[in-house]
Amino acid sequence: MLLLQEIEAEMARTQKNKATNYHLGTLKAKLAKLRNELLIEQGGGGGGGPSEGFDVARLGDARVALIGFPSVGKSTLQCKLTGTESEAADYEFTTLTCIPGTMHYKKSKIQVLDLPGIIEGAAHGKGRGREVIACARNADAILIVLDAGKEGLNRHREILENELETVGIRLNERPPDVTFTKKASGGVRFASTVPLTKLGPDPQKLATQIMREYRITSADLLAREDISVDQLVDVIVGNRVYKPTCYFYNKIDTITIEEVDQLARMPHSLVGSVAKKYNIAEPLEDDPLKAMIWDYLGLTRVYTKRKGNPPDLAEPVVLSAIRKGTTVKALCQNVSTHMLRDFNFAMVWGKSAKHSPQRCGVNHQLQDEDVVQVVTKTNSQQRQNKNYQAMVQGFSDKYHKKKFDAKKKKQSKLRG
């Protein structure tokens with residue numbers, strides 16, 4: 001811990017310019033390595049696996065984790081979003097384990113996890129912070145709940161962002177467009193397709209030194225965008241996760257209208273009050289907070305139809321841009337693996353189609369409320385597949401095995 005503080009102090013007193021870029025980059029690599037080693041040591045080598053009360057089965061079309069300090073209204077907010085009864089009180093740390101609930105919005109099911117409040121130092125295990133952060137890493141998106149009345153003095157938003165950044169969770173960022181491949185020999189080969197203005201006068205020297213900190217002597221690195229030192233370290237470390245994150249400032253009824261206006265202008269933010277029902281409604285009603293969660297999750301509703309029949313508008317297939325994507329291929333994978341195997345083409349009606357209907361392949365990007373009809377291969381087309389005979393034999397074996405098991409079961413009943 002002392003060495004960490006020494007490196008942070010040296011970084012703070014080092015002036016940032018092109019001449020010191022190499023030195024600062026080396027310090028950042030050392031700092032990231034020491035933090036990672038400390039987290040693994042404290043976590044028993046696993047780095048934050050689920051413990052008792054936090055191992056919740058993944059259900060629904062997406063998962064959102066509620067993160068915040070104690071007594072900011074997370075449990076009451078989850079009750080309004082999902083209808084789940086969660087203990088709420090005026091004292092801190094009312095919630096001690098992970099409490100799941102399901103939010104119904106636009107015919108989708110979104111799992112909402114009410115997590116215990118975390119405090120400064122949670123990244124190093126304070127106040128069950130490790131378990132909470134492990135749940136956040138496994139979620140599709142994060143909703144940070146803040147107390148509007150305390151934000152001006154306590155900088156809770158900044159503290160929570162620093163805690164999540166420390167354990168490798170990048171908020172509202174995308175992975176840098178960099179290809180990094182370790183090799184057994186050959187040294188370090190560094191290349192870029194764009195000018196690198198943030199890595200100092202010699203980017204290859206800086207990249208080589210950072211890799212040396214992690215005992216990597218041979219690798220290929222290709223940068224397709226102007227990356228910073230922090231992004232370069234993230235690529236080399238390789239255990240970072242990128243999460244869409246939105247912020248909900250609760251209890252705005254306790255502050256002035258000028259302060260509300262200031263908080264509402266913060267990026268990725270929504271202000272409201274659970275107690276007064278500002279921007280939050282009942283579980284089955286639409287409201288701005290549910291709409292914001294939906295947008296940050298990147299969910300898309302797709303309706304399917306059979307040939308000659310109207311589309312099924314009652315039960316859409318909900319695709320997630322974060323999980324499998326929103327292509328026709330992802331739709332087939334969600335419905336049936338056999339559908340993807342026998343896929344011929346798809347007919348698409350809706351916003352993503354240039355004309356209705358449009359004949360599309362598996363890589364066509366779908367948009368919300370599109371209608372899709374999947375056309376499978378004909379028997380003659382399937383016979384052209386080189387694996388057709390093996391597939392037919394597999395179906396035959398399954399059929400005869402099922403028939404034999406049924407006969408055996410019937411005989412055992414007659415004997416018994």
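Contact here means that heavy atoms lie within 4.5 Å. The exercises below all concern a predicted model.

**Exercise 1. Describe the chain as a whole: what share of its residues is buried, and what share of the contacts between residues at least 6 apart in sequence joins residues at least 24 apart?**

Solution. Begin with the secondary structure, which consists of 14 helices and 16 strands. Next take burial: of the 416 residues in the chain, 45% are buried. Then turn to the contacts, and keep those between residues at least 6 apart in sequence; of these, 65% join residues at least 24 apart.

**Exercise 2. Find the aromatic pair in the structure and determine how its two rings are arranged.**

Solution. A search of the whole structure finds one aromatic pair. The ring centres of Tyr-105 and Trp-294 are 5.8 Å apart and the ring planes stand at 70 degrees, so the pair is edge-to-face, given that planes over 60 degrees apart fall into that class. Now place the two residues: Tyr-105 belongs to strand 2 (residues 99–105) and Trp-294 to helix 10 (residues 288–297), so the pair ties together parts that are 189 residues apart in sequence. Finally, check burial, for which the cut-off is under 20% relative accessible area. Tyr-105, at 7%, counts as buried, and Trp-294, at 4%, is buried as well.

**Exercise 3. Work out how helix 3 and helix 10 cross, and which residues make the contact.**

Solution. The axes of helix 3 (residues 74–82) and helix 10 come within 11 Å, and they cross at roughly 85 degrees. Because angles from 65 to 115 degrees count as roughly perpendicular, helix 3 is roughly perpendicular to helix 10. On the side of helix 3 the contact is made by Leu-77, Lys-80 and Leu-81, and on the side of helix 10 by Leu-289, Lys-290 and Ile-293.

**Exercise 4. Locate Ile-280 and decide whether this residue is buried or exposed, then list its contacts.**

Solution. Ile-280 is placed in the loop between strand 11 (269–271) and helix 10. Its relative accessible area is 4%, so Ile-280 is buried. Leaving out residues up to four places away in sequence, Ile-280 touches Leu-77, Lys-80, Leu-81, Ser-273, Val-274, Asp-287 and Leu-289. Lys-80 shows how sequence and space can part ways, since Ile-280 and Lys-80 are 200 residues apart in sequence, yet their C-alpha atoms are 7.4 Å apart. Asn-279 lies in this loop between strand 11 and helix 10 too; its phi is near 65 degrees, a positive value in a residue other than glycine, and with a relative accessible area of 28% Asn-279 is partly exposed.

**Exercise 5. Examine the loop between strand 14 and strand 15, and establish what surrounds Ser-352.**

Solution. Ser-352 lies in the loop between strand 14 (343–349) and strand 15 (358–360), and at 10% relative accessibility Ser-352 counts as buried. Setting aside neighbours within four places in sequence, Ser-352 is in contact with Gln-358, His-364, Gln-365, Leu-366, Gln-367 and Asp-370. With His-364 there is a polar contact between the two side chains, at 3.0 Å. Pro-357 is found in the loop between strand 14 and strand 15 as well, and the peptide bond that joins Ser-356 and Pro-357 is cis, with omega about -10 degrees.

**Exercise 6. Identify which arginines lie over the face of an aromatic ring, and follow one of them into its helix.**

Solution. Arg-157 lies over the face of Tyr-247, at 3.6 Å from the ring centre, while Arg-359 lies over the face of Phe-345, at 3.8 Å from the ring centre. Following Arg-157 leads to helix 6 (residues 156–166), whose buried residues are His-156, Arg-157, Ile-159, Leu-160, Glu-163, Leu-164 and Thr-166. To think about such a pattern, recall that an α-helix has 3.6 residues a turn, so residues three or four places apart point the same way. After helix 6 comes Gly-168, with a positive phi near 90 degrees.

**Exercise 7. State where Lys-107 is found and what is notable about its phi.**

Solution. Lys-107 is found in the loop between strand 2 and strand 3 (108–114). Its phi is positive, about 60 degrees, although Lys-107 is not a glycine.

Conventions. Residues numbered from 1 in each chain as written. Predicted model: local features only at pLDDT ≥ 70, side-chain atom pairs only at ≥ 80, totals over all residues. Heavy atoms only, no water. Helix = DSSP H or I, 4+ residues; strand = E, 2+ residues; numbered from the N terminus. Buried < 20%, exposed > 50% of the residue type's maximum accessible area, 1.4 Å probe, protein only. Polar contact = N/O pair within 3.5 Å; in protein donor to acceptor, adjacent residues only side chain to side chain. Phe/Tyr/Trp six-rings, centres within 6.5 Å; stacked < 30°, edge-to-face > 60°. Lys NZ or Arg CZ within 6 Å of the ring centre and 35° of its normal. Axes fitted to C-alpha atoms, helices over the stretch in contact; angles between N-to-C directions. Parallel < 35°, antiparallel > 145°, perpendicular 65-115°, else oblique.
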